[in-house]
Amino acid sequence: MSKQELISIQKICDSYSIPYSFFEDLRNFEIIPLHEEDTLYIEENFLPEVEKIIRLHFDLHINMEGID
């Protein structure tokens, strides 16, 4: 997988003003596959799904068990 197809988790956290721990929870529940190199990344094609999960969790207050 080339680096161009991956998006840094830190960049997403900064863009959406969400805590890094949110992605650690996604990783623990195995909701979104994360890639670890020098930092954590997601595949670019998972971004729409991540945006949906962000809205479910932060706007509608659905916990990770409910999202899973």
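**Aromatic pairs and a charged surface patch**

The structure, a predicted model, holds two aromatic pairs. In one of them, Phe-22 and Phe-23 meet edge-to-face, with 5.3 Å from centre to centre and 85° between the planes. Both of these residues are buried. In the other, Phe-22 and Phe-58 form a tilted pair, with a centre-to-centre distance of 5.2 Å and an angle of 50° between the planes. Phe-22 belongs to helix α2 (residues 21-28) and Phe-58 to helix α3 (residues 47-59), so this pair ties together parts that are 36 residues apart in sequence.

The partners in the tilted pair were also examined for exposure. Phe-22 has a relative accessible area of 2% and is therefore buried, because buried means under 20% relative accessible area. Phe-58 has a relative accessibility of 31% and so counts as partly exposed, a class that lies between the limits of 20% and 50%. Phe-22, Phe-23 and Phe-58 together form one aromatic cluster.

A patch of negative charge is found on the surface, where Glu-24, Asp-25, Glu-30, Glu-65 and Asp-68 gather. One of its members, Asp-68, lies in the segment that follows α4 (64-67). With a relative accessible area of 59%, Asp-68 is exposed, because the term applies over 50%.

Technical notes: Residues numbered from 1 in each chain as written. Predicted model: local features only at pLDDT ≥ 70, side-chain atom pairs only at ≥ 80, totals over all residues. Heavy atoms only, no water. Patch = residues over 30% accessible without salt bridge, like charges linked within 9 Å, V, L, I, M, F, W, Y side chains within 5 Å. Areas by Shrake-Rupley, 256 points an atom, 1.4 Å probe, with all protein chains shown as cover. Salt bridge = Lys/Arg side-chain N within 4 Å of Asp/Glu carboxyl O. Lys, Arg positive; Asp, Glu negative; His and termini not counted. Charge placed at Lys NZ, Arg CZ, Asp CG, Glu CD. Helix = DSSP H or I, 4+ residues; strand = E, 2+ residues; numbered from the N terminus. Buried < 20%, exposed > 50% of the residue type's maximum accessible area, 1.4 Å probe, protein only. Phe/Tyr/Trp six-rings, centres within 6.5 Å; stacked < 30°, edge-to-face > 60°.
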